[in-house]
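Please open the model in your viewer and keep the sequence panel visible. We will go from one selection to the next, with a short look at each stop.

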Amino acid sequence: MQLKTALRITRVCAALALLFLFLWLLFKTQTLLYLCLGASFAALASKAVFYRCPHCRRYLHRVYGKCCPYCGKELGL
């Protein structure tokens, strides 16, 4: 999977988690709490699995530029 797509999936899951958290704070139902927890887990799991350099496959903690901090090749962002 491309890094750009992985970042988009992680951001969508995080946005859904925040939305479900806000709705849970308003309505206090267990279903919304479980949806919030599920979306949070999906965001963390997608980041852990897919947030890697496409060349050297090392995990990217934070990216400050357009190049991998380990191998120096372009990430394609």
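Start by selecting S46, which lies in helix α2. Keep in mind as you look around that this is a predicted model. S46 is buried, because its relative accessible area is 8%, below the 20% cut-off for that class. Show its neighbours next: leaving aside residues up to four places away in sequence, S46 touches I9, T10 and Y51.

Now add T10 to the selection. T10 belongs to helix α1, and 36 residues of chain separate T10 from S46, yet their C-alpha atoms are 6.0 Å apart. Turn on the side chains and you will find a polar contact of 3.0 Å between the two.

Is T10 buried or exposed? With a relative accessibility of 16%, T10 counts as buried. Its side chain has another partner to look for: a polar atom there lies 2.9 Å from the backbone oxygen of A6. Beyond residues up to four places away in sequence, T10 touches A43, S46 and K47.

**Along helix α2**

Select residues 30-50 to bring up the whole of helix α2. Its 21 residues, at 1.5 Å each, should span 30 Å, and the end C-alpha atoms are 30 Å apart, so the expectation and the model agree.

Colour the buried residues of α2 next: L32, C36, A39, A43 and S46. Why do they share a side of the helix? They cover an arc of only 100° around the axis, which puts them on the same side of α2. A reminder helps here: an α-helix has 3.6 residues a turn, so residues three or four places apart point the same way.

What covers these buried residues? The cover includes α1, residues 3-27. Give a second colour to Q30, T31, Y34, F41 and L44, the exposed residues on the face of α2 turned away from its buried side.

**The aromatic stop**

Return to Y51, one of the contacts of S46, and select Y59 along with it. How many aromatic pairs are counted here? The count is one. In that pair, the ring centres of Y51 and Y59 are 6.3 Å apart and the planes meet at 70°, so the arrangement is edge-to-face.

The two tyrosines can also be compared by exposure. Y51 counts as buried because its relative accessibility is 9%, while Y59, with a relative accessible area of 25%, is partly exposed.

Now show K47, which lies over the face of Y51 at 4.4 Å from the ring centre. You have met K47 already, as one of the residues that T10 touches.

**Loop and tail**

Move to K28, in the loop between α1 and α2. This lysine also sits over a ring: K28 lies over the face of W24, 4.6 Å from the ring centre. K28 counts as exposed, since its relative accessibility is 54%. Check its backbone too, as K28 has a positive phi of about 55° without being a glycine.

For the last selection, go to R57 in the segment after α2. R57 is likewise not a glycine, and its phi is positive at about 65°. At 46% relative accessibility, R57 counts as partly exposed.

Definitions and conventions: Residues are numbered from 1 along each chain as its sequence is written. This is a predicted model: local features need pLDDT of at least 70, side-chain atom pairs count only at pLDDT 80 or more; totals for chains, interfaces and linings use all residues. Side-chain values use heavy atoms; hydrogens and water are left out. Helices (H or I, at least four residues) and strands (E, at least two) are DSSP runs, numbered from the N terminus. The expected span of a helix is 1.5 Å times one less than its number of residues. Buried means under 20% relative accessible area, exposed over 50%, partly exposed in between (1.4 Å probe, protein chains only). The arc is that of the directions from the helix axis to the C-beta atoms. Contact means heavy atoms within 4.5 Å. A polar contact is a pair of N or O atoms within 3.5 Å; within protein, one must be able to donate a hydrogen and the other to accept it, and residues adjacent in sequence count only if both atoms are side-chain atoms. Rings of Phe, Tyr and Trp (its six-membered ring) pair if their centres lie within 6.5 Å; planes under 30 degrees apart count as stacked, over 60 as edge-to-face and the rest as tilted. A charge sits over a ring if NZ of Lys or CZ of Arg is within 6 Å of the ring centre and within 35 degrees of the ring normal.
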